[in-house]
Amino acid sequence: MISENLPVLQVVVPLLMAPVAVLVRRPRWSWLVATAAAFWAFAVAVTLLSRVLAHGAIDYEIGGWPAPWGIAYRIDEVNAFVLVIVSTIAAVVLPYAKKSVEREVEEDRLPLFYTALTLCMTGLLGITVTGDVFNVFVFLEISSLSAYALIALGQDRRALTASYQYLIMGSIGATFIVIGIGLMYVMTGTLNMADLAQRLPGVAASRTIPVAFGFLAVGISLKLALFPLHLWLPNAYASAPSTVTAFIASTATKVAVYMLLRFFFTIFGAAFSFDVMHLDRILMPLALVAIITMSLSAIYQRNAKRLLAYSSVAQIGYMVLGISFASVFGVAAGILHLFNHALMKGALFMAMGCVMYRVGSTRVDAMSGLGRTMPFTMAAFVLGGFSLIGVPLTVGFISKWYLVRAALEQGMWPVAVVVLIGSLLAVIYVWKVVEVAYFRPAPEDHGIQEAPLAMLIPTWILVLANLWFGIDAKLTSGVAIRAAQTLLGVGR
Amino acid sequence: MRLLGLYNYWIVVGLMMIGFYTMISRGNLVKKLVGLSVFQTSVMILYISMGKIFGGTAPILLEDGEHVVYTNPIPSVLILTAIVVGVATLAVGLALVVRIKEAYGTIEEDEIHEQDDVM
């Protein structure tokens with residue numbers, strides 16, 4: 001009974017846990033409820049992934065209504081993998097959240113905080129799991145609205161303006177997506193993804209479908225913070241509470257990348273998106289510009305969280321670059337980097353949360369001497385930074401390796417050069433923090449200690465995952481290649 | 001005449017641009033939200049008008065098996081969801097504006113930027 005209905009329980013259980021988290025009223029209890037929801041989501045996601053890998057895609061009809069009429073959930077290699085990413089990060093971040101949030105958010109707001117975090121996770125899982133395009137919009141808004149509330153809880157008053165800016169830009173993006181969905185519905189009379197994929201080629205010659213395509217491309221690019229639509233991201237990441245930054249940075253944009261894959265590969269089909277509409281001609285230049293300019297911007301930041309936020313926009317460039325090749329290797333590189341970047345940015349932002357907990361600031365200047373006073377936190381930062389750069393034996397290396405290989409496979413060696421320049425720039429901005437932390441003396445009467453274990457252990461779980469999947473990439477790259485084959489409709 | 005016959009789309013496009021322009025051009029945070037609302041409303045009209053048929057009624061199955069011309073209910077139902085989402089977005093946005101006013105003492109965008117730059 002439970003086993004058959006896992007696809008819907010993946011979303012429904014966290015959705016029902018969210019109001020419970022606010023009703024129990026005690027911060028500790030709300031935390032327990034939210035953590036339970038995250039662990040549940042994690043367990044279900046892993047089960048679903050192993051089931052998909054063993055038996056192929058799962059189709060699920062909600063309420064037993066058959067597909068084009070009812071809402072269908074369809075889980076294949078791609079979204080099973082993304083489900084695992086989102087729920088893993090949630091399951092790691094929530095145990096970490098307790099201490100960090102106690103310091104950064106007022107106590108009477110804590111139950112609401114955990115509710116919003118659970119809702120945000122629910123929305124992201126929902127976008128990933130669903131096979132109905134309007135459902136995507138609904139879940140997108142669930143996750144976005146709770147994300148606005150979460151970001152606004154930051155200590156600095158700039159969190160409010162950052163959240164407002166995100167709300168305006170995010171709503172424009174979501175509305176563009178609705179317009180695109182509406183235009184597709186006008187032409188095909190269906191909202192089901194599989195159904196749309198079948199009917200769209202018949203009407204693709206009209207003017208409406210290219211317009212829908214354009215609206216969707218812009219709307220999704222806004223949500224995934226593709227350069228130059230990234231303006232909301234640095235402010236939002238820099239001023240949100242540390243836990244929120246760690247969670248959103250490693251999940252929200254990843255799910256938006258998943259939406260890009262789903263809409264342009266599964267629904268429109270790679271042939272239409274890339275041969276007729278030439279999506280690659282716009283995605284690739286933007287991705288390359290993002291990699292270079294955003295890495296350069298990161299170098300000039302004085303706040304470490306902001307620095308990492310700009311680096312996130314650059315890293316999104318890598319994912320989009322991989323996708324823009326529209327080859328099995330390229331798309332696999334994009335998906336692989338989606339997973340790997342979640343691990344590295346999660347670890348880095350969690351290390352920043354530890355710094356915030358003890359130092360009360362993430363300005364680079366305030367971090368002098370932390371290499372000695374907070375050795376484990378800074379070691380986590382250094383290893384995460386290595387991964388960001390792409391040093392061998394970390395996951396970052398695996399992503400870059402696949403990306404460069406995909407570029408060379410198509411004979412685009414200048415692209416490969418840009419990827420490597422991006423890595424060099426990453427060395428500079430990571431070094432900026434490392435230099436201050438290790439080679440500047442700590443201020444005299446600091447009294448700064450190592451971060452509490454409850455925060456260090458989750459951070460190190462992600463750091464070790466960075467190393468583990470960097471050394472043994474068979475599992476992740478295998479899944480990524482299978483997912484890319486599914487998306488491109490290539491037999492294996 | 002053909003262009004006039006598509007007047008519902010002209011209204012949609014007009015409203016959409018008014019909303020979009022308001023969001024871009026106004027520095028007042030409340031006015032921006034009003035622009036956002038107008039923008040979202042135009043999409044609601046787009047959805048509802050495309051499901052409408054002249055003379056169409058509610059999709060009810062008559063007892064004598066007679067067929068009726070009915071308006072497609074799905075766009076309306078979808079938009080019901082979108083309205084709820086729009087209201088929620090507006091509420092969150094206005095709540096943020098209230099808190100911005102408390103923190104900065106103003107809701108003009110350029111004055112807020114000035115205060116942040118000084119810090």
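The place of Arg25(A) is the loop between helix H1 (6–23) and helix H2 (27–55) of chain A, where helices (H or I, at least four residues) and strands (E, at least two) are DSSP runs numbered from the N terminus. The model is a predicted one, in which local features need pLDDT of at least 70 and side-chain atom pairs count only at pLDDT 80 or more, whereas totals for chains, interfaces and linings use all residues. Residues are numbered from 1 along each chain as its sequence is written, and chains are lettered from A and ligands numbered from 1 in the order in which they are written. Arg25(A) has a positive phi of about 70° although it is not a glycine. With 11 C-beta neighbours inside 10 Å, Arg25(A) counts as exposed; a residue is called buried if 20 or more other C-beta atoms, placed from the backbone, lie within 10 Å of its own, exposed if 12 or fewer, and partly exposed in between.

Most residues other than glycine have a negative phi, and most peptide bonds are trans. A positive phi, of about 60°, is also found at Ala225(A), which is not a glycine. Ala225(A) lies in the loop between H8 and H9 of chain A and, with 28 C-beta neighbours inside 10 Å, counts as buried. The loop between helix H8 (208–224) and helix H9 (232–239) of chain A also holds Pro228(A), and the peptide bond from Phe227(A) to Pro228(A) is cis, with omega near 0°.

Chain A as a whole contains 20 helices and two strands. A compact globule of 492 residues would have a radius of gyration near 23 Å, and the 21 Å of chain A agrees with this; the radius is taken over C-alpha atoms, and the globule rule is 2.2 Å times the number of residues to the power 0.38. Along the principal axes, the C-alpha atoms of chain A fill a box of roughly 75 × 55 × 40 Å, and 63% of the 492 residues count as buried. Two residues are taken to be in contact if their C-beta atoms, placed from the backbone, lie within 7 Å, and among contacts in chain A between residues at least 6 apart in sequence, 79% join residues at least 24 apart.

The largest nonpolar core, meaning a set of buried Ala, Val, Leu, Ile, Met, Phe, Trp, Tyr and Cys residues joined through C-beta atoms within 7 Å, has 225 residues, of which Ile151(A) and Ala332(A) touch the most other members. Helix H14 (residues 328–359) of chain A gives the most to this core, with 21 residues. Not counting residues up to four places away in sequence, Ile151(A) touches seven residues, listed as Ala159(A), Ala162(A), Ser163(A), Tyr166(A), Ala236(A), Ala240(A) and Val244(A).

Helix H10 (242–267) of chain A bends by about 40° at Ile248(A), the bend being the angle between axes fitted to the seven residues ending there and the seven starting there. Its 26 residues should span 38 Å at 1.5 Å a residue, in agreement with end C-alpha atoms 36 Å apart; the expected span is 1.5 Å times one less than the number of residues. Because 26 of the 26 residues of H10(A) are buried, this helix is largely enclosed by the rest of the structure. Phe268(A), in the loop between H10 and helix H11 (270–276) of chain A, is buried, with 26 other C-beta atoms within 10 Å. Beyond residues up to four places away in sequence, Phe268(A) touches Leu200(A), Phe213(A), Phe263(A) and Ser273(A).Helix H16 (residues 375–389) of chain A has 15 residues, which should span 21 Å, and its end C-alpha atoms are 21 Å apart, as expected. Since 11 of these 15 residues are buried, H16(A) is largely enclosed by the rest of the structure. The buried residues of H16(A) pack against elements of chain A that include helix H13 (304–324), helix H17 (395–409) and helix H18 (413–439). Just after H16(A), Gly390(A) takes a positive phi of about 100°.

Chain B comes to five helices and zero strands. Its radius of gyration is 21 Å, but a compact globule of 119 residues would have one near 14 Å. The C-alpha trace of chain B spans about 75 × 35 × 15 Å along its principal axes, and 24% of the 119 residues count as buried. Between the chains, 21 residues of chain A are in contact with 25 residues of chain B. The largest share of the side of chain A that touches chain B, 13 residues, comes from H6(A).
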